[in-house]
Amino acid sequence: MLVVYPGRCVGCRTCEVACSFAHASNGKPGPSRIRIHPAGPERFVQVTCLQCVNAACAAACPTRALRRNEVTRAIELDERLCVGCGLCEAACPFGHLQFSRELHLPLKCDLCGGNPACAAFCPHGALEWR
Amino acid sequence: MTVTVRINDVEVLAEEGESLLEVALRAGFDIPHLCHHPAVEAIGSCRLCLVELQAAGREELTTSCNVRVEAGMQVITDSPLVRQQRAANLELLLARAPGSARLRALAARHGIQAPRFEPPPSEGIQNCILCELCVRVCAMLGHDALGVLGRGEKKRIGLPFNQPAASCVGCASCAAVCPTECIRVSETPQARTIWGQSFEFAHCRSCGAPMLTERQRQFEIEKNGLPEDSYDTCESCKRQQTSQRFAAITW
């Protein structure tokens, strides 16, 4: 489980960089799945996928391209099944899933297959994998 | 039921009834394919996934995407015959779609630089190989707006009778899955134009950013019985709201 502690976040965005590199393709860093949102003076919130129990993105997907990995509990994207309809982005009530018009694919947190880079690189213990 | 098939003399486990192409790809065999998409039924139209197949007394050169795996199948994915036929099919496809970078790269890998043939001028969209993947995906999504028009050399893909279609919602999934990227989509902040029809975007009620097309939004609301105000906020504004909720809990 990925635990988020907004109170410990200093807004350094190391998690975003770690995510970009963890989701690199074709020799380029990818768009980050985790985002830091300022929430007032020296206050920051890490916004990342909650891997909902009843995930709206997975329910909205017409091809079952978004499915639960029973080991990591992440909702993962099977890129081969995706047809680029964008309904997952529309369905997520939290705005955690962004549809990339450039890649024709949603940007989905996959918990890095069970070792999330954001948590591994957070220097302040504001993201914890346990 | 799990069955065993031999692919290039390697024993591979598969579920009976699975697509042979899917099984071979999963086992790491490189079989070129354009018209296959695991989300829709395979129809073997691009004819690139040819393999030599021996099964239950028959021996044939066949497309693998629309063959269902049976116990004891023996498959060769790469042989002089397979290579020769694949190259011939590639040359024909390349003649139809010389503008496709993906097809050109695939053809070059099979030793084809330029096709010897020239297809008759088509009334349809340029660089379309008539694989009907867009048609199948459109039907699977419940829109069923695209179809095959004309016969013979006049065969082409389009909206029925080449007329604006009420069933098209402008989702552009057809363009996203097209293997030769030949379906033209143009977008402004107001609307998306595809297949000669213009679709107004639904706009975020907070920031006004374009989201799904209004037609696609209405289709989903109706199909799933959702409240009328569903899908009215863009992901960026939804994320902002989420961060505010987290902040309210934290501080």
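User: I'm looking at E3(B) and E4(B). How many bridges join them, and do they run parallel or antiparallel?

Analyst: Start with strand direction, then look at who faces whom. This is a predicted model, by the way. Here E3(B) and E4(B) run antiparallel, with 6 bridges joining them. For a concrete partner pair, find B:Leu53, which stands opposite B:Glu60 in E4(B).

User: And what happens at the turn of that hairpin? Which residue takes a positive phi?

Analyst: Look at the residues between the strands and check their backbone angles. The hairpin of E3(B) and E4(B) has 2 residues between its strands, and B:Ala56 takes a positive phi near 40°.

User: Okay, zooming out: in what order do the strands of this sheet lie?

Analyst: Walk across the sheet from one side to the other, rather than along the chain. In chain B you'd read E2-E1-E5-E3-E4, an open sheet of 5 strands with mixed pairing. At the edges sit strand E2 (10-15) and strand E4 (58-63) of chain B, each pairing on one side only. Ignoring direction, neighbouring strands are turned by 30° against each other on average.

User: Where do side chains point along a strand?

Analyst: As a rule, side chains in a regular strand alternate between the two faces of the sheet.

User: Which strands pair in the parallel sense, and over how many bridges?

Analyst: Try strand E1 (residues 2-7) and strand E5 (residues 74-76) of chain B: they pair in the parallel sense over 2 bridges. Within that stretch, B:Arg6 stands opposite B:Gln74 in E5(B).

User: Which helix packs on the sheet?

Analyst: For packing, ask which strands a helix touches and how it is angled. Helix H2 (residues 80-96) of chain B touches strand E3 (50-55), E4 and E5 of chain B, and its direction makes about 140° with that of E3(B).

User: How is chain B divided into domains?

Analyst: There's domain 1 (1-119) and domain 2 (133-241). Their centres, taken over C-alpha atoms, are separated by 31 Å. To read the contact, count residues on each side: 10 from domain 1 of chain B are in contact with 9 from domain 2 of chain B. The domain 1 side divides into 6 nonpolar, 2 polar and 2 charged residues.

User: Last one: how many residues does each chain put into the contact between chains A and B?

Analyst: Chain B puts in 26 residues and chain A 28. Next, ask which elements supply them. On the chain B side, helix H4 (133-140), helix H5 (173-177), strand E11 (210-213) and helix H7 (235-250) each supply at least two. H7(B) gives the most, with 12 residues. By class, the side of chain B that touches chain A has 15 nonpolar, 7 polar and 4 charged residues.

How values were computed. Residues are numbered from 1 along each chain as its sequence is written. Chains are lettered from A and ligands numbered from 1 in the order in which they are written. This is a predicted model: local features need pLDDT of at least 70, side-chain atom pairs count only at pLDDT 80 or more; totals for chains, interfaces and linings use all residues. Two strands pair if DSSP finds at least two bridges between them. Helices (H or I, at least four residues) and strands (E, at least two) are DSSP runs, numbered from the N terminus. Axes are lines fitted to C-alpha atoms, for helices over the stretch in contact, and angles run from 0 to 180 degrees between N-to-C directions. Two residues are in contact if their C-beta atoms, placed from the backbone, lie within 7 Å. Ala, Val, Leu, Ile, Met, Phe, Trp, Tyr, Cys and Pro count as nonpolar, Asp, Glu, Lys and Arg as charged, and the others, Gly among them, as polar. Domain bounds come from an automatic or database domain assignment.
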